[in-house]
Amino acid sequence: MTATNTPHIPATPTEDVHQDAPDTAQQPTPEPQTIDPAGQDIAPIITPDIQPIQTPIPDPPQIKQDGQPDDAPDDAPMRIIALMNQKGGVGKTTTCTNLGAALARMGKRVLMIDLDPQAHLTLSLGVDPDQLDKSMYELLTDAGTTADQVVKPVTEDGRLTILPAEVNLAGVEAELADKVVTGMAQTVLKQKVAPLLGNPDLPRDAKTNDRPDYVLIDCPPSLGLLTVNALTLAGEVIVPMQAHFLALQGLGKLFETIAMMKQGINPTLKVAGVVLCMHEGNTILANEVINDVNSFLTEARGTDAPWSNAVVYHPPIRRNIKLAESPSFGQSIFDYAPDCHGAKDYAKLAESVATQRVNAG
Ligand SMILES: Nc1ncnc2c1ncn2[C@@H]1O[C@H](COP(=O)(O)OP(=O)(O)O)[C@@H](O)[C@H]1O
Ligand SMILES: [Mg+2]
């Protein structure tokens, strides 16, 4: 990296990317096998030599400069956001579930993509992976499977939909390994999801150009091929994290990966922001970490770093037991405990995300 160095955040890969992953709400399933389980040296997957791919869908949607999504017109640009952190147990799936549910409650159409073989997003939204004919595994490995055959409604009004996963998604990285060298393995998600994204050049119309307002991708806890696929499709990244020292180290590696993606496969990729999850704001360490993240982001203003406009979202998501309970019931926090702190925090996060101008300045 050049202008995108990470002075305050050591870019050293951490040994512990899979440790400290408390997941009390559900039975843990084994960590997925990834080409790069430790999150190290993923350059061969990102393959900067590969040119930006040409697909029928125009490139990552641009964020509306003055977007106020609550009254945004039907032709407001679609936003594709990857929830990404190579560390497990930091709040990715909880944020994907409840940010998506909050946006749907604001009247938005939201497509969620479960890219984690643990299938926690799928379970959290009340979809039983064992009942699926086809899931992300078939979509990504079988040429004959289309996104239409895999997508499932989550809400009755159809505003919230999901491309669900099951445990077999862990096998995708091995299945696609021999296509890494041609770049096909990194772009298969983008190719396969394209038919669900309509044509952004046409006004949206329920009959002829049905498309989501938001696509939220729940990434696995690694920087392997599945995450690279998410970063190929996405226009933006939101990083859920917990404010402690090791999380900060991981952020350096994560941002380095995003910078490599920007230099290679996805030149318009941006970091929209950092969400502080399970936050305990009264600790000195948490406040120090937030200050460090803030000053790191501030230093990037005006540079071409993908995080040059990134924010630390306010308010943070407080630790709240209801958020840990709701996945077991297959419900978002708004259905499970609409009056709890967790619901309020995620509703505010959705407003912050929806009114954000990632491409401004
Ligand atoms: N704000 C919160 N308060 C309490 N528990 C939380 C909160 N956010 C997440 N959790 C719980 O912490 C665990 C890890 O969160 P999860 O979203 O699954 O992380 P990840 O997807 O990054 O692995 C889960 O059991 C989840 O229910
Ligand atoms: Mg998860």
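**Exercise 1. Identify the residues through which helices α2 and α13 meet, and classify their packing.**

In α2, the residues T94, T95, N98, L99, A102 and L103 meet Y346, A347, L349, A350, V353 and A354 of α13, where contact means heavy atoms within 4.5 Å. Sorted by class, the residues of this contact comprise 9 nonpolar, 3 polar and no charged; Ala, Val, Leu, Ile, Met, Phe, Trp, Tyr, Cys and Pro count as nonpolar, Asp, Glu, Lys and Arg as charged, and the others, Gly among them, as polar.

The model is predicted, so that local features need pLDDT of at least 70 and side-chain atom pairs count only at pLDDT 80 or more, while totals for chains, interfaces and linings use all residues. Residues are numbered from 1 along each chain as its sequence is written, and side-chain values use heavy atoms, with hydrogens and water left out.

For the geometry, α2 (residues 92–105) and α13 (residues 341–354) pack at an angle of about 75 degrees, and their axes are 9 Å apart. Helices (H or I, at least four residues) and strands (E, at least two) are DSSP runs, numbered from the N terminus, and axes are lines fitted to C-alpha atoms, for helices over the stretch in contact, with angles from 0 to 180 degrees between N-to-C directions. The pair is therefore roughly perpendicular, given that angles under 35 degrees count as roughly parallel, over 145 as roughly antiparallel, 65 to 115 as roughly perpendicular and the rest as oblique.

**Exercise 2. Describe the surroundings of G342 in α13.**

G342 lies in helix α13 and is buried, with a relative accessible area of 0%; buried means under 20% relative accessible area, exposed over 50%, and partly exposed in between, with a 1.4 Å probe and protein chains only. Beyond its neighbours within four places in sequence, G342 is in contact with N320, L323 and I333. The C-alpha atoms of G342 and N320, which are 22 residues apart along the chain, are separated by 5.8 Å.

**Exercise 3. Work out how α7 packs against α8, and how far α7 is enclosed.**

The axes of α7 (residues 184–193) and α8 (residues 225–233) come within 7 Å and cross at roughly 50 degrees, which makes α7 oblique to α8. Residues A185, Q186, T187, V188, L189, K190 and V193 of α7 meet L225, V228, N229, A230, T232 and L233 of α8, and by class this contact has 8 nonpolar, 4 polar and 1 charged residues. Because 8 of the 10 residues of α7 are buried, the helix is largely enclosed by the rest of the structure; K192 is one of these buried residues.

**Exercise 4. Determine how α9 and α10 are arranged.**

Helix α9 (residues 245–263) and helix α10 (residues 284–299) pack at an angle of about 20 degrees, with axes 10 Å apart, so α9 is roughly parallel to α10. The contact involves F245, L248, L251 and F255 of α9 together with L285, V289, D292, V293, F296 and L297 of α10. These residues divide into 9 nonpolar, no polar and 1 charged.

**Exercise 5. Locate D114 and list its contacts.**

D114 is placed in strand β2 (residues 110–114) and is buried, with a relative accessible area of 0%. Leaving aside neighbours within four places in sequence, the contacts of D114 include H120, M136, P164 and D218. The C-alpha atoms of D114 and M136, 22 residues apart along the chain, are separated by 7.6 Å.

Technical notes: Chains lettered and ligands numbered in written order.
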